[in-house]
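Work through the following exercises with the sequence and the structure side by side. Try each task before reading its solution.

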Amino acid sequence: MKLNEFVTSTGEIILYNGKPNFDKLEILATGAGDIWHSSFEQGYKNAFPELVYQTAVFFIYINDFDNLDECLSWRINPNQFAVRKSIWETLKGFDSEYKNVQMQALDFGYNALRNSAAIPLYSKGLFEESVVEKINITAKDRYVFFRKNFKIDHSIFMLYRKGFWKWKEWDAFFYAKKNFKQTTNRPIVRPRELLNIEGNPSVSYIIPTMMRQDFTLQLLEDLAVQTYPVSQVVIVDATPEDLRDEKLYQKQFPFELIVKWQQTKGSCRARNEAIELCTGDYIVFGDDDVRVQPNFIENHIRILQTYKVNACNGLDIRADNQQQDLTDLAEKLEKLDEKRWSVGANPGFSNANSCVKTAYVRKLVGNDINFDGGYGEDSDFGISLVKLGQIVILNPFSPNLHLKPPVGGYRFWGNQAKILGKKRKAQPWELDTPVKNIRPVPSPTIMYGIVKHFTPQQVVEYKYKHFFLYLFKGSKKGILYRFLRIPYKNLQFKKSLFYAKKLNDLGIRHK
């Protein structure tokens, strides 16, 4: 494909096909994006829905977003798009092994976003071409895409879901299996050089904690020696009265320290109570059991300003044991080497290490408390930011060491979810229908996030995927036992979906 060239005022070369608005392209080139298109109006919105057979609901960009002038989208129109020349050359352009140029463009955008740390953006009005193209992806194109991008298991699952009795599907499956193999070692876009901090933005740091006061004090000591100072730390401590030591937080620190003793239950409520007290321009969310290096805060602000985005996630490095320290973190980072350096759109979100501009935290109010007692609140917060049109990037410059002690923390309450019978303490997500003899699996709060953000058909595909993996991913010896347990597993799944739909009917809650 021969592309035209446009040179920005800074001298950067942008390649393009079609007729872009050059004034708009000049502005876009100063931001986080690497690839730009206006494909939603050109027939590409939500194209190639068959991706669900691989990713189910575990790729937040499987659906394109509504009512936004600019947002992340990998569905590129090959006839109307622009790309930084450096990115085009790094990613080696379209894959010519696909005969269909539409499939070439979709494969390019998908891998740019998911595997190569490049950021493809939809921009309304960048290309004013209004011709709506018909997307023509054949069965062979589908299976070639799956064969080149995923393990063969996913092709087999797609064959099962599309209709294993259809000869056309079998023919396409064997064609792709015979002629192609999975592509490995995708190129990675190098991070941009971080700029120095502009202005004097203030930073609030939130720590929800429970029965881990010693770990919280250790984190406060790390925050006290930051190269860019934290202006405020807000601790919401749910440690029971008979187990807490209120004097521990009376030490002097070089930042405002606010300690609130939590009367409510749940980590989501804790974060929301802390957010109300924050005064900083940015809010950093952290767990109580992490260690951070002295440049942790500085690099969060620098990367946000360099890429001109409003949210990022730092690397969350798991410790081998709770006695490890920052020396161990440095060694772990050294072992990661080149694998560490990836800055792209983060596929998830973690409350253990994230930095968000306060204005956008306020737009979301905070965490959805429907997740209290379970899991998934951080992923929900991340996808909610993306639905506002924000780009949440991965920040390899601000790692933390996650100590993960075996006791304490908010999971102390949630552990009751595994108990059945009279000893069980009801979880918030049970609402007015306590769990009795059948424990819901997957976690009802995880299921709530799926129901909340994905289409009913995608929820159905998730169910098929869930049972497919359960049946065939264990040991071969146990397959008969698992097969016999399918009816009970189905009851567990239905129970989980029951609670998820009840939570969804309540709507988003923050108090």
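**Exercise 1.** Which residue caps the N-terminal end of α4?

*Solution.* The model is a predicted one, in which local features need pLDDT of at least 70, side-chain atom pairs count only at pLDDT 80 or more, and totals for chains, interfaces and linings use all residues. Residues are numbered from 1 along each chain as its sequence is written, and side-chain values use heavy atoms, with hydrogens and water left out. The cap of α4 is N100, with a side-chain oxygen lying 2.8 Å from the backbone nitrogen of Q102.

**Exercise 2.** Describe helix α4 and its surroundings.

*Solution.* Begin with the extent: helices (H or I, at least four residues) and strands (E, at least two) are DSSP runs, numbered from the N terminus, and α4 covers residues 101–114. From its first C-alpha to its last, this helix of 14 residues reaches 20 Å, close to the 20 Å expected at 1.5 Å a residue, where the expected span is 1.5 Å times one less than the number of residues.

Next, consider burial, where buried means under 20% relative accessible area, exposed over 50%, and partly exposed in between (1.4 Å probe, protein chains only). In α4, 12 of the 14 residues are buried, among them M103, L106, F108 and Y110. The buried residues of α4 pack against β3, α2, β4, α3, β6 and α5, with contact meaning heavy atoms within 4.5 Å.

**Exercise 3.** Place strand β6 in its sheet and find its partners.

*Solution.* First, write down the order of the six strands, which form an open sheet of mixed pairing: β1-β2-β5-β3-β6-β4. The edge strands are β1 and β4, each pairing on one side only; two strands pair if DSSP finds at least two bridges between them.

Then take each neighbour of β6 in turn. Strand β3 pairs with β6 in the parallel sense over three bridges, and W36 has L121 as its bridge partner in β6. Strand β4 runs antiparallel to β6 and is joined to it by three bridges, with Y122 as the bridge partner of C71.

Finally, look at the side chains. In a regular strand they alternate between the two faces of the sheet. In β6, P120 and Y122 point one way while L121 and S123 point the other way, and all are buried.

**Exercise 4.** Is S155 buried or exposed?

*Solution.* S155 is found in helix α6, and because its relative accessibility is 2%, S155 counts as buried. Leaving aside residues up to four places away in sequence, S155 touches Y143, F146, R147 and F173.

Technical notes: A polar contact is a pair of N or O atoms within 3.5 Å; within protein, one must be able to donate a hydrogen and the other to accept it, and residues adjacent in sequence count only if both atoms are side-chain atoms.
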